[in-house]
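Reader: I'd like to go through this model and ask what stands behind the labels. Can you take them one by one?

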Amino acid sequence: MIHMDRNTSPISPLDDEAISEVIKATKIHEYPGDEIDNFKQLYADYYDIEPATIEVANGSDEWIQKAIMTLGHNGVMTLDPDFVMYHEYANQVDVPVYTVSCDADFTFDFDQVIKAVELHKPSLFLISVPHNPTGRMFRAEELQALADAMQDVDGYLVLDEAYFEFGPAYTRPEGAHVLIIRTLSKMFGVAGLRIGIAIAKDETFDKITRLNHPYPVNSLSLNLASKIFEKRSTLDVFIRYQLDSKKRLSKSLGQVSDKINIIGSSTNFILTYGETARDLAAYLKSHGYQARVYDKPPLENAVRYSIIGLEHYETFNQLIKKWSNQYDQEGTRDKGNENIHIT
C-alpha cells in the first residue's frame, strides 16, 4: 500500500552513509548539551533568527501540549476544523475548548473569529498556518487581527507552522504574545526523530519553556537533525524533491477538478471534498493508494492526499484517468458541487 494519509516525506533527507557517520560520532555516554546548542545554532542560521529565541522538544506535539498547560488556563480556542490534537491535549488537562466553525467551502470568516475571541476571552488561540487540513494560507491582515484580538483579552496566539516551508512567504503577526511552533517532520523529512521547535521572546518564551526537561531531545536525534542543515546543497536538492512531488500531486488531482472539489494548498497535502470525493478515494485504495478519509463533521465528505515518491505518480495518474472515464461512461450526473480549482 502506498500511503497518502500521513503527510510525511516519501524519502529520507539522509543517505545510509550519512546516517552511519552520525551514529558513529554520537556520544551516547554523555548528556546532549553540546548537541542541543549545535542544533539550535544551525537552525537559527538557516532561518536567520536568534538562537536564544529557540527551544527544542520531543516533537511539535509536545510544544502544543506545553502551550496549553502553561498558557491555556482560561480556555483554548481554535478553528473547526484544525489539527485534532489541539482538542486532545486540552482535554488531557481539563481546559475548555472553544471553536469557530468553517463555512461550507471550508473557509473562515475572521470577523466571526474575532467576535468569538471577544465573547469567550480565551487565554490561548491555536491556529495552523498554513491551515491543516485544508492547506489554505490565511491572509496577513487576518492573522494580525487575530493577534490583536488575543492581545486585547490578555491572551496568547500560537502559530503552528508545521507546513509553512511548502507555502509562500508571509508576514507574521507582531506582538510579544505570539508564539511560533515548528517541526522537522514535514519539509525536512524526519518525522521519526521527533524534533519540535518553539520560537518566542521574553515572558512568552519563559512561560512556554518552564516545563522543559534538562535534555528534552536525545543526542542521536539532534545530531541527525544537525546533519541535515550542515550541507545546504544536499538539503536544497531534498527540498526541491518535496516541492516537485507537491506539483505533481496538484497536477494529478487537477485532472478531475470537474468532478470533485479541490482546494489549492500551501502544504504537502491536498484536500478534496464533495459527493464523489470518497468514491475516488475508494477506487484508488482498491488499487494500492491510500488517502486520508474522515468520519466526523464537517469533514465527512472530505479526502486528503499527501505527497508520494515521484516514481508512483505515473500509476497514480493512470488510475485517476480510469476512474474519471468510468465516471463519464456511467453517465453519473453532475451533483452541482462548486469546484474550487487548484491554484
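Author: What follows is a short run of questions and answers on domains, salt bridges, burial, a surface patch and backbone geometry.

Author: First, the ground rules: this is a predicted model, where local features need pLDDT of at least 70 and side-chain atom pairs count only at pLDDT 80 or more, while totals for chains, interfaces and linings use all residues. Residues are numbered from 1 along each chain as its sequence is written, and side-chain values use heavy atoms, with hydrogens and water left out.

Reader: Fine. What makes domain 1 and domain 2 the parts to talk about?

Author: The domain assignment of the protein chain gives domain 1 as 2-6 + 233-332 and domain 2 as 16-231. Such bounds come from an automatic or database domain assignment. The two centres, taken over C-alpha atoms, are separated by 27 Å. In the contact (heavy atoms within 4.5 Å), 21 residues come from domain 1 and 26 residues from domain 2.

Reader: And how do you know how much area domain 1 and domain 2 bury between them?

Author: Buried area is the accessible area (1.4 Å probe) that two parts lose on being put together, summed over both. For domain 1 and domain 2 that comes to about 2000 Å², with 66% of it on carbon and sulfur atoms. On the domain 1 side, Leu235, Ser266 and Pro298 supply 28% of the area buried against domain 2, more than any other three residues.

Reader: Which count of salt bridges does the rule give across the interface of domain 1 and domain 2?

Author: Zero. The rule asks for a side-chain nitrogen of Lys or Arg within 4 Å of a carboxyl oxygen of Asp or Glu. The structure as a whole holds 13 salt bridges.

Reader: Why is the pair of lysine 40 and glutamate 55 called a salt bridge?

Author: Their closest N and O atoms are 3.2 Å apart, and the cut-off is 4 Å, so the pair qualifies. Lysine 40 sits in helix 2 (residues 33-47) and glutamate 55 in strand 2 (residues 54-58), so the pair ties together parts that are 15 residues apart in sequence. Helices (H or I, at least four residues) and strands (E, at least two) are DSSP runs, numbered from the N terminus.

Reader: Are lysine 40 and glutamate 55 buried or exposed?

Author: Buried means under 20% relative accessible area, exposed over 50%, and partly exposed in between (1.4 Å probe, protein chains only). Lysine 40 has 13%, so the verdict is buried. Glutamate 55 also counts as buried, at 13%. Leaving aside neighbours within four places in sequence, lysine 40 is in contact with Pro51, Ile54 and Glu55.

Reader: What about aspartate 258 and lysine 259: what makes them a salt bridge?

Author: The closest N and O atoms of aspartate 258 and lysine 259 are 3.1 Å apart, which again meets the rule. Aspartate 258 is partly exposed at 46% relative accessibility, whereas lysine 259 is buried at 7%.

Reader: How do you know that tryptophan 323 is buried?

Author: Tryptophan 323 has a relative accessible area of 3%, so it counts as buried. This residue belongs to helix 11 (residues 313-329). Beyond its neighbours within four places in sequence, tryptophan 323 has contacts that include Val256, Lys259, Ile260 and Tyr283.

Reader: What makes Met69, Val93 and Leu211 a patch?

Author: A patch is made of residues with over 30% relative accessible area and no salt bridge; like charges are joined within 9 Å, nonpolar side chains (Val, Leu, Ile, Met, Phe, Trp, Tyr) within 5 Å. Met69, Val93 and Leu211 make a nonpolar one of about 230 Å², with areas from the Shrake-Rupley method. Valine 93 stands at 35%, so it counts as partly exposed. Its place is the loop between helix 4 (85-92) and strand 4 (97-101).

Reader: Last one: why is the peptide bond between proline 297 and proline 298 called cis?

Author: Its omega is about 0°. Proline 298 lies in the loop between strand 11 (289-293) and strand 12 (302-306). The bond from valine 129 to proline 130 is cis as well, with omega near 0°.

Key
Accessible areas come from the Shrake-Rupley method with a 1.4 Å probe; for residues, only the protein chains shown count as cover.
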